[in-house]
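Hi,

Here is the structure I promised to pass on to you. Please open it alongside this email, and then read on for what I found.

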Amino acid sequence: MKKILLLATLAIFSVTSVTAQTKTKTKKATKTVAAKVEAPKTAKTPAIEGAGMVFENETIDYGTIPHNADGKREFVFTNNGNKPLVIESTQGSCGCTVPTTPKDPIAPGAKGVIGVKYATDRVGPFTKTVTIKSNAVGQESKVVTIKGTILPDAPAATPAAPQTKS
């Protein structure tokens, strides 16, 4: 009888101990998962010493557009440095690509825009570049690209010649 009571007591303590350990592990796992969910990692642009320039897109694809369509687009960038960014000049690779240069310095953390206008009166595919000169550390001269295809005008329907009765 003593043996049965001893075995029953051991069995109860074993089950209680295993249950307690499982609850503890579950609570720890839940806290770990909750911590991961509550604190998502945010992608930050790395700050640099001096002025910096990080573009949202270094290539603008116009796609396939009609002849004489609006050729204006914008390159958006952020100054990821700790000093003001000064764009000294912007130069298109040919006369058909005309960029605009921001006049004022771009403050640290602020966004800036370089506009570009492509002459869409030229039919066919194109790939052109814009060279940007600035005080950005490590990239005093930066090249960005525009590309696309300009469709020719659709041929006008010619009126049918009047038919004469014979």
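Below are my notes on the fold, the sheet, the disulfide and the surface.

Please keep in mind that this is a predicted model.

**Overall fold**

The protein has one helix and eight strands. Going along the sequence, the pattern reads α-β-β-β-β-β-β-β-β, with the helix ahead of the strands. As for how the chain comes together, I looked at contacts between residues at least 6 apart in sequence: 68% of these join residues at least 24 apart.

**The sheet**

Four of the strands make up an open sheet, in the order E1-E3-E6-E5, with antiparallel pairing. Its edges are strand E1 (54-55) and strand E5 (97-99), each of which pairs on one side only.

If you would like to walk across it, start at E1. Two bridges connect E1 with strand E3 (residues 72-78), and the two run antiparallel. Here valine 54 has threonine 78 of E3 as its bridge partner.

Next comes the pairing of E3 with E6, which is antiparallel and has seven bridges. Threonine 78 turns up again in this pairing, where it stands opposite lysine 111 in E6. Threonine 78 is thus a good residue to click on, with valine 54 as its bridge partner and lysine 111 opposite it in E6.

The last step goes from strand E6 (residues 111-118) to E5, through three bridges, and this pair is antiparallel too. Threonine 97 of E5 finds its bridge partner in tyrosine 118 of E6.

**The disulfide**

How many disulfides does the structure hold? There is one, and it links cysteine 94 to cysteine 96, with an S to S distance of 2.3 Å. The angle about the S-S bond is -50 degrees, which makes the link of cysteine 94 and cysteine 96 left-handed.

Are its two ends buried or exposed? Cysteine 96 is buried because its relative accessible area is 4%, under the 20% cut-off. Cysteine 94 has a relative accessible area of 25%, so it counts as partly exposed, a class that lies between 20% and 50%.

**Burial and surface**

Of the 166 residues in the protein, 27% count as buried; cysteine 96 is one of the buried residues. The protein exposes about 11900 Å², and 60% of that area is supplied by carbon and sulfur atoms.

That is what I have for now. I would be glad to hear your thoughts once you have had a look.

Best wishes

Conventions. Residues are numbered from 1 along each chain as its sequence is written. This is a predicted model: local features need pLDDT of at least 70, side-chain atom pairs count only at pLDDT 80 or more; totals for chains, interfaces and linings use all residues. Side-chain values use heavy atoms; hydrogens and water are left out. Two strands pair if DSSP finds at least two bridges between them. Buried means under 20% relative accessible area, exposed over 50%, partly exposed in between (1.4 Å probe, protein chains only). Contact means heavy atoms within 4.5 Å. Accessible areas come from the Shrake-Rupley method with a 1.4 Å probe; for residues, only the protein chains shown count as cover. A disulfide is a pair of cysteine sulfur atoms within 2.5 Å.
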